[in-house]
Amino acid sequence: MSSTLNPNQVYLITYRGDVVVFCTRVFQKFATVQRITAISEVPLNCSCIVIFDAIDNAVTFDFLQQIKKYNVTLVSIISPCISAFIQIKLKDVSSFWVYSGFSGSKMDGLERYLLEKIEGEKQAIRLGSPISGENKPIEGLFAGVSAGIQKFRESLVKAAMIDTPVLLLGETGCGKTSAAKLIHNLSRRRDGPFIPVSPADIVPSLCESAFFGKTIGAYTDAKADKGFFLRSNHGVLFFDEIGTLRVVLQEKLLTFVENYLITPVGSTKQEKIDTRIILATNADIKAMYIKGSFRRDLYHRIDNNILTIPSLRQRPEDIPYVAKQYLKENKVEKFLSRLAIEKMLNYSWPGNIRELNHCMERAVRNSHTEKIYPESIDFGLFD
């Protein structure tokens, strides 16, 4: 075991025979970093290099460029977010490579996983298998290394692979709509429509036609309309904030999820609809269930997959990741100073990711240098 506790270096985590494992997560935790130095510790005859938690694609690419001088048989990238660009560049470094979405939070879990993984990779090499990959990368979304966000990412990918309803829970601003879109994009329905619905905007007296559609002349001046369910056929119907779903709307939704049949207003013909239901709320569904304001029979139709997005308050170690992701997505050539990060870590973030993104927008606007200092961090009304 060898490690260099220097914030300006990547940590060398462990040696396992001819396998060298690095952890690049420190590049997210410290703003003032230099280029990788630990690469010099890699034996030239090393046959396998594993990069764990490679979240910064630019750093990973630079690392791969340096690896070219080594005669490595296999390079394995272990990360929940690997860009297609990095996957392509891996071909220039090694004949065989594997990328994986492993996101274990404990080192003993990582080492156990690596031992199993590497043995499998060696077997694959002996059999002459082509380049392989595991799991679809979740690039740029729900950034972080906390156990909570890693568990959520894993649950999200699993939910995308099946077709039953999903209930997304989480505080305001934590990314429920983004999660719903991601489930859609990772699923077999990705080429189908994604139809968002705000229950608060639906007039109860018109909910049947809004949900099931209507025919011409169904009532005075009625025009033909497909309705939410038919428009989402072969795709996803996303109900945002179902805590505001009135009882009459809950009844209509229950009617649909029981058999996925609709009868447009003004018609006697039933139609079978192939749509997936995703729902989200920041309300206390359990309290509503007990109180009776949320139908129990509806709840038990949608409780197959309940995913809770942890708040930033519950995962403060992820705050630098989320902040850096904002800079990356908006192509801002700035970085946070250590004191700026510390200031952000000491704030509670009641508005979660949405609030943090707004804070970063102000910080970029307030900062006139490449480095963002604490005085540029403005928490708005709560500062």
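Contact here means heavy atoms within 4.5 Å, and a residue is buried when its relative accessible area is under 20%, exposed when over 50% and partly exposed in between (1.4 Å probe, protein chains only). Helices (H or I, at least four residues) and strands (E, at least two) are DSSP runs, numbered from the N terminus. This is a predicted model, in which local features need pLDDT of at least 70 and side-chain atom pairs count only at pLDDT 80 or more, while totals for chains, interfaces and linings use all residues. Residues are numbered from 1 along each chain as its sequence is written, and side-chain values use heavy atoms, with hydrogens and water left out.

**Overview**

The protein has 14 helices and 15 strands. Of its 383 residues, 50% are buried. Among contacts between residues at least 6 apart in sequence, 69% join residues at least 24 apart.

**Helix α6 and its cover**

Helix α6 spans residues 176–186, and its buried residues are K176, A179, A180, L182, I183, H184 and L186. The elements that cover these buried residues include the helix α5 (147–160) and the strands β7 (166–169), β8 (194–197), β9 (236–240) and β12 (276–281).

α5 and α6 pack at an angle of about 50°, with their axes 8 Å apart. Axes are lines fitted to C-alpha atoms, for helices over the stretch in contact, and angles run from 0 to 180 degrees between N-to-C directions. Angles under 35 degrees count as roughly parallel, over 145 as roughly antiparallel, 65 to 115 as roughly perpendicular and the rest as oblique; α5 and α6 are therefore oblique to each other. Their crossing is right-handed, a term that applies if the near helix is turned clockwise from the far one by less than a right angle, with left-handed used if anticlockwise. On the α5 side the contact is made by F152, L156, V157 and A160, and on the α6 side by A179, L182, I183 and L186. These residues divide into 8 nonpolar, no polar and no charged. For this count, Ala, Val, Leu, Ile, Met, Phe, Trp, Tyr, Cys and Pro are nonpolar, Asp, Glu, Lys and Arg are charged, and the others, Gly among them, are polar.

**Helices α12 and α14**

A second helix pair is formed by α12 (residues 319–329) and α14 (residues 352–366), which pack at an angle of about 55° with their axes 10 Å apart. α12 and α14 are therefore also oblique to each other, and their crossing is right-handed. From α12, I319, V322, A323, Y326 and L327 meet I353, L356, N357, M360, E361 and V364 of α14. The residues of this contact divide into 9 nonpolar, 1 polar and 1 charged.

α12 is mostly covered, with 8 of its 11 residues buried. The buried residues are I319, P320, Y321, V322, A323, Q325, Y326 and L327. In the loop between β13 (305–308) and α12 lies S311, which is buried at a relative accessible area of 2%. Leaving aside residues up to four places away in sequence, S311 touches E171 and N352.

**Residues with positive phi**

Most residues other than glycine have a negative phi. The table lists residues with positive values.

| Residue | Phi | Place |
|---|---|---|
| H234 | near 70° | loop between α8 (227–231) and β9 |
| E241 | near 60° | loop between β9 and α9 (247–259) |
| K331 | near 55° | follows α12 |

H234 is partly exposed, because its relative accessibility is 49%.

**V257 and the cysteines**

V257 is placed in helix α9 and counts as buried at 8% relative accessibility. Not counting residues up to four places away in sequence, V257 touches I277, L298 and R301. V257 and I277 are 20 residues apart along the chain, and their C-alpha atoms are separated by 8.3 Å.

A disulfide is a covalent bond between the sulfur atoms of two cysteines. With the cut-off for a disulfide set at a pair of cysteine sulfur atoms within 2.5 Å, the structure holds 0 disulfides. C174 is buried at 2% relative accessibility, and C359 is buried with a relative accessible area of 0%.
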